[in-house]
Amino acid sequence: MAEFERKGPGPEVVARAVLKAVHARKPALRYRVTREATQFTLLRRLLPGWLFERGVRLGFHLDDRRY
């Protein structure tokens, strides 16, 4: 998780998304600020739930006893 935090967007990127929401006539429910967030959303729609969950668990090493 530390690696994902290190690679994550800075506060400027998030601030831009907040400003976009504040100034929008009809703000969206969610604003994705990274490419990965967009990819996760797409994968979640395309894959069966069990497969998406397995990919997330593997990608984030959630079942790895070393972490």
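Biologist: Where along the chain is the place of H61?

Modeller: You'll find H61 in the segment that comes after helix 4. Bear in mind that this is a predicted model.

Biologist: And how do I read its backbone, say the phi of H61?

Modeller: Start with the general idea: most residues other than glycine have a negative phi. Now the case here: H61 isn't a glycine, yet its phi is positive, at about 55°.

Biologist: Is H61 hidden or open, that is, which exposure class does it get?

Modeller: Buried means under 20% relative accessible area and exposed means over 50%, with partly exposed in between. H61 has 38%, so it counts as partly exposed.

Biologist: What about L62: where is its place, and what does its accessibility make it?

Modeller: L62 also sits in the segment after helix 4, a helix that covers 49–59. Its relative accessibility is 48%, so L62 is partly exposed.

Biologist: How far apart in space are the C-alpha atoms of L62 and L29?

Modeller: For a pair like this, put the two kinds of distance side by side. L62 and L29 are 33 residues apart along the chain, and 28 Å separates their C-alpha atoms. Then try V13 and T34: they are 21 residues apart in sequence, with 8.6 Å from C-alpha to C-alpha.

Biologist: Which element holds V13, and how accessible is V13?

Modeller: V13 belongs to helix 2. Its relative accessible area is 26%, so V13 is partly exposed too.

Biologist: Let's step back. How many helices and strands does the protein chain have?

Modeller: Four helices and zero strands. Reading along the sequence, you get the pattern α-α-α-α.

Biologist: What does the radius of gyration of the protein chain tell me?

Modeller: You set it against the value for a compact globule with the same number of residues. For 67 residues that would be near 11 Å, while this protein chain has 15 Å. Its C-alpha atoms fill a box of roughly 45 × 30 × 15 Å along the principal axes.

Biologist: What share of the residues of the protein chain counts as buried?

Modeller: Just 4% of the 67 residues. As for the accessible surface, it comes to about 6,400 Å², and carbon and sulfur atoms account for 58% of that.

Biologist: How do I look for empty space?

Modeller: The idea is to roll a probe the size of a water molecule over the atoms, which shows where empty space is left. In this structure, the largest pocket holds about 360 Å³ of space. Its lining has 13 residues, and F4, K7, E36, F40 and F60 lie nearest its centre. Two elements give two or more residues to that lining: helix 1 (2–7) and helix 3 (35–46).

Biologist: Which element gives the most to the lining of the largest pocket, and what classes of residue does the lining have?

Modeller: Helix 1 gives the most, with four residues. By class, the lining has five nonpolar residues, four polar ones and four charged ones.

Biologist: Tell me about F4: where does it lie, and how accessible is it?

Modeller: F4 is part of helix 1. At 45% relative accessibility, F4 is partly exposed. Its C-alpha atom is 18 Å from that of R54, and the two are 50 residues apart along the chain.

Biologist: How confident is the prediction, in terms of mean pLDDT for the protein chain?

Modeller: A general caution goes here: where pLDDT is low, the predicted coordinates should not be read in detail. For this protein chain the mean pLDDT is 89, and 96% of the residues reach 70 or more.

Biologist: Which elements have the lowest and the highest mean pLDDT?

Modeller: Helix 1 has the lowest, at 78, and helix 2 (residues 11–23) has the highest, at 94.

Technical notes
Residues are numbered from 1 along each chain as its sequence is written. This is a predicted model: local features need pLDDT of at least 70, side-chain atom pairs count only at pLDDT 80 or more; totals for chains, interfaces and linings use all residues. Side-chain values use heavy atoms; hydrogens and water are left out. On a 1 Å grid over the protein atoms alone, a cavity is a set of points where a 1.4 Å probe fits but cannot get out, and a pocket is an open set with protein on both sides within 12 Å along at least five of seven lines; lining residues have an atom within 4 Å of a point. Grid points are joined across faces, edges and corners, and a volume is the space filled by probe spheres set on the points. Ala, Val, Leu, Ile, Met, Phe, Trp, Tyr, Cys and Pro count as nonpolar, Asp, Glu, Lys and Arg as charged, and the others, Gly among them, as polar. pLDDT is the predictor's confidence in each residue, from 0 to 100. The radius of gyration is taken over C-alpha atoms; the globule rule is 2.2 Å times the number of residues to the power 0.38. Buried means under 20% relative accessible area, exposed over 50%, partly exposed in between (1.4 Å probe, protein chains only). Accessible areas come from the Shrake-Rupley method with a 1.4 Å probe; for residues, only the protein chains shown count as cover.
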